[in-house]
Amino acid sequence: MAWNQPPPGHQPGYNPAYGGQYNYGQPQGYQQHNPYGPPPPASQYPPGYPGGWGGRPDPPPGIDPVLWEWFQTVDQDRSGKITATELRQALFNNNWSQFNPETCRLMIGMFDKDQSGTIDIHEFSALWKYIQQWKQCFDSFDRDRSGTIDANELQTAFTSFGYRLSPSFCNLCVRKFDRLNVHTMKFDDFIQCCVMLKSLTDAFRKHDHQQTGTVTINYEQFLEMVLGHTLTGT
């Protein structure tokens, strides 16, 4: 599968010190992939919820009906919004394991416009498209179709994004996100790794006023850089 443009957040051509400019976008040749599997059967809703007992309300304008069905199924407390915990019930890797909680938290943080810790159906729709873009990207670099990414495949991915990173760093990333000690990372860990790399690079660049790839910062600035990424998830 050819990758015509970088995945969301990675656009090459900004500066050789980093190798890329980072703006979210949808790749050309994008094809829908449903990470959720077949839609579940309709379930009943409590009194007062749109649609009443025994039926699903119609989707809002512009929202895919299948996606709307999934949103309502995941929205277990019928609040009209979903949390990272609820989101995790909907997302699966190629081996049908659930996404890890940290990746779900990161993605909620990325699409939660009002910083409420939850996302509504419109934010969920944007997140769903984002995951599909990453899925196509992941599959394009999973050369052996194993359903996982190893260090060599990860370096190929990073290079295509415009990063100039050593094999030893790619091995470190795999060790960091290898939760099963199998020397590879799953789809959800791949997303988390790439989002982390982007956010830390953006934080670094704020101090790199000359765009040379080198900065001088004190200890507290370094801590703020790392903790800022950890707290915001973006």
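A residue is called buried here when its relative accessible area is under 20%, exposed when over 50%, and partly exposed in between (1.4 Å probe, protein chains only). The structure is a predicted model, so local features need pLDDT of at least 70 and side-chain atom pairs count only at pLDDT 80 or more, while totals for chains, interfaces and linings use all residues. Residues are numbered from 1 along each chain as its sequence is written, and side-chain values use heavy atoms, with hydrogens and water left out.

We can start with the overall layout. The protein chain has 8 helices and 2 strands, where helices (H or I, at least four residues) and strands (E, at least two) are DSSP runs numbered from the N terminus. Along the sequence, these elements follow the pattern β-β-α-α-α-α-α-α-α-α. Of the 234 residues in the protein chain, 46% are buried. A contact means heavy atoms within 4.5 Å; among contacts between residues at least 6 apart in sequence, 57% join residues at least 24 apart.

The UniProt record, an unreviewed entry, places the feature "domain: EF-hand" at residues 62-97 and 129-164. UniProt positions are given in the numbering used here, feature names are shortened, and annotations may be inferred rather than shown by experiment. In the model, the span 129-164 is 67% helix and 0% strand, and its end C-alpha atoms lie 28 Å apart.

Helix α1 (residues 65-74) makes a good place to look at packing. Because 7 of its 10 residues are buried, α1 is largely enclosed by the rest of the structure. The buried residues of α1 are Leu67, Trp68, Glu69, Trp70, Phe71, Gln72 and Val74, and what covers them includes α2 (84-88) and α4 (121-141). At its N-terminal end, α1 is capped by Asp64, with a side-chain oxygen 2.8 Å from the backbone nitrogen of Val66. This is a polar contact, that is, a pair of N or O atoms within 3.5 Å; within protein, one must be able to donate a hydrogen and the other to accept it, and residues adjacent in sequence count only if both atoms are side-chain atoms.

The axes of α1 and α4 come within 11 Å and cross at roughly 115°. That angle makes α1 roughly perpendicular to α4. On the α1 side the contact is made by Leu67, Trp68 and Phe71, and on the α4 side by Ile121, Phe124, Ser125 and Trp128. For such pairs, axes are lines fitted to C-alpha atoms, for helices over the stretch in contact, and angles run from 0 to 180 degrees between N-to-C directions. Angles under 35 degrees count as roughly parallel, over 145 as roughly antiparallel, 65 to 115 as roughly perpendicular and the rest as oblique. The crossing of α1 and α4 is right-handed; a crossing has this hand if the near helix is turned clockwise from the far one by less than a right angle, and is left-handed if anticlockwise.

Pro60 also takes part in this neighbourhood of contacts, touching Trp68, Ile121 and His122, not counting residues up to four places away in sequence. Pro60 is in the loop between β2 (20-21) and α1, and its relative accessibility of 22% makes it partly exposed. The C-alpha atoms of Pro60 and Ile121 are separated by 8.5 Å, although the two residues are 61 apart along the chain.

A second helix pair joins α5 (residues 151-161) and α7, whose axes come within 12 Å and cross at roughly 40°. The two helices are therefore oblique to each other, and their crossing is right-handed. Here Leu154, Ala157, Phe158 and Phe161 in α5 meet Phe190, Cys193, Cys194 and Leu197 in α7. Leu197 is buried, with a relative accessible area of 10%. Leaving out residues up to four places away in sequence, Leu197 touches Phe158, Tyr163, Leu165 and Phe169.

Some loop residues round off the picture. Gln211, in the loop between α7 (187-207) and α8 (219-232), is buried at 19% relative accessibility, and its side chain reaches the backbone oxygen of Asp208 at 2.7 Å. Two residues that are not glycine have a positive phi: Arg78 at about 60° and Arg145 at about 55°. Arg78 lies in the loop between α1 and α2 and is partly exposed at 21% relative accessibility, whereas Arg145, in the loop between α4 and α5, is exposed at 52%.
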